[in-house]
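This report takes one structure in two steps, looking at a single chain and then at the place where two chains touch. Please keep the sequence and the 3D view open while you read.

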Amino acid sequence: MSTILKVILDKIKAKNPKHYEKLVAHLEGYGTDYENLANSFFNKYNEYLERNQKSIDFGVDCYLHMIEDMLEERFKFIREGKYSNSSFDDVEKRIYGNPEIMTYHMHGLVLAQFLWFDQYERILFFIENINKYAKGGKKYLEIGGGHGLYMNEAVNLLTNIEKFDLVDISQSSLDLAQGIINTNQVNYFLKNIFDFRESETYDFITMGEVLEHVEEPLNLLNKINQLLNKDGVCYITTPINAPMIDHIYLFHNETEIRDMLNQAGFEIIEERIVISEKITEKQAAKFKVPVMYAAFIKKQ
Amino acid sequence: MEREQILKDINAIFIDILDNEDIVLTNETTAADVDGWDSLTHIQLVVAFENHFGIRFTTMEIQGWENVGAIVACISSKC
């Protein structure tokens with residue numbers, strides 16, 4: 001029987017065979033656990049699409065559109081050595097406030113969560129450790145929930161949590177996350193994180209791939225520090241050298257991220273770093289290849 | 001600029017970017033013939049050509065190249 005993962009890969013193969021070959025080569029060796037998790041989430045995504053009178057072809061087309069954008073951004077990045085965006089206001093107007101772009105970009109990212117092995121490693125690191133660090137907690141917050149994958153897993157894995165909050169700056173993202181997660185256990189907030197919750201604190205905070213979307217990531221980390229309980233833990237991820245249509249802040253290496261986390265008053269408990277291509281660290285640095293950085297952090 | 005000279009220059013760029021002294025390009029060479037010439041290094045190569053020759057390619061041009069000869073012809077039309 002054909003799984004949804006296979007259906008997606010077959011459709012990519014038909015429309016962009018070269019990209020398909022690269023994906024398959026990168027995913028080689030990931031076994032049943034990977035397939036089960038990918039199929040479970042993609043089935044939820046497919047159900048969401050069907051409830052909205054769309055098919056998985058829509059998701060695949062969005063994904064392929066997104067990778068075309070990425071190629072353009074990558075050329076600009078290699079030519080100029082910087083991301084094409086420098087201002088949050090510009091990105092907000094051009095991307096977050098543009099439902100058409102946001103829609104294909106967000107749907108594209110849904111598929112990327114399991115089609116890109118570095119993204120799979122990111123969720124795997126979260127799943128493998130979340131119970132250890134969120135144990136005993138009651139209040140959980142996700143900032144920038146995007147496609148809903150992390151909140152979906154948190155709701156499934158953390159039976160001790162009494163309150164799940166998700167805050168995002170984009171209505172398109174919230175709609176997508178809400179539609180895929182499809183549960184009434186989560187509270188959704190359409191807000192800029194800097195305007196969110198002045199007094200309440202959380203036992204666990206997840207913030208995946210958000211730091212690179214702001215001009216001053218240190219301010220955002222300081223805000224997380226305010227929102228996190230004294231003994232709380234935060235799961236944070238951000239990419240290095242990863243140009244995208246909505247990325248603003250460029251981290252050149254993991255040292256810059258670690259230094260900023262320390263500057264914001266955090267201590268790294270454990271981290272995972274994955275190069276997005278099957279190449280050596282030396283080659284990754286030479287070619288400025290995107291690198292996924294993820295860490296569990298706590299207050300110093 | 002002479003096509004022969006362009007071919008020589010881009011051969012040197014290939015050697016530098018792919019870190020392989022043994023590369024010998026001809027007009028018929030394709031990505032399948034050169035170890036390490038993939039979608040990742042292609043971007044680096046293209047930007048290195050642009051910088052070396054002082055030109056800029058469009059996405060359409062880059063996507064239309066089938067072999068080294070097509071790259072040489074494209075560069076030749078711009079210099």
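What follows describes the fold of chain B and then its contact with chain A.

The model shown here is predicted, and every value below should be read with that in mind. The secondary structure of chain B consists of 4 helices and 0 strands, and if you follow the chain along its sequence, the pattern you meet is α-α-α-α. The radius of gyration of chain B is 11 Å, which is close to the 12 Å that the globule rule gives for 79 residues, so chain B is as compact as a globular protein of that length.

The table collects some further values for chain B.

| Property of chain B | Value |
|---|---|
| Box filled by the C-alpha atoms, along the principal axes | roughly 30 × 25 × 20 Å |
| Buried residues, as a share of the 79 residues | 20% |
| Contacts joining residues at least 24 apart, among contacts between residues at least 6 apart in sequence | 55% |

Which elements of chain A give two or more residues to the side that touches chain B? To begin with the contact as a whole, 10 residues of chain A are in contact with 7 residues of chain B. On the chain A side, the elements that give two or more residues are helix 2 (17–27) and helix 4 (56–80), and of these helix 4 of chain A gives the most, with 5 residues. Sorted by kind, the residues on the side of chain A that touches chain B divide into 4 nonpolar and 6 charged, with no polar residues.

Notes: Residues numbered from 1 in each chain as written. Chains lettered and ligands numbered in written order. Predicted model: local features only at pLDDT ≥ 70, side-chain atom pairs only at ≥ 80, totals over all residues. Contact = placed C-beta atoms within 7 Å. Nonpolar A, V, L, I, M, F, W, Y, C, P; charged D, E, K, R; others polar. Rg over C-alpha atoms; globule rule 2.2 N^0.38 Å. Buried ≥ 20, exposed ≤ 12 C-beta atoms within 10 Å, placed from the backbone.
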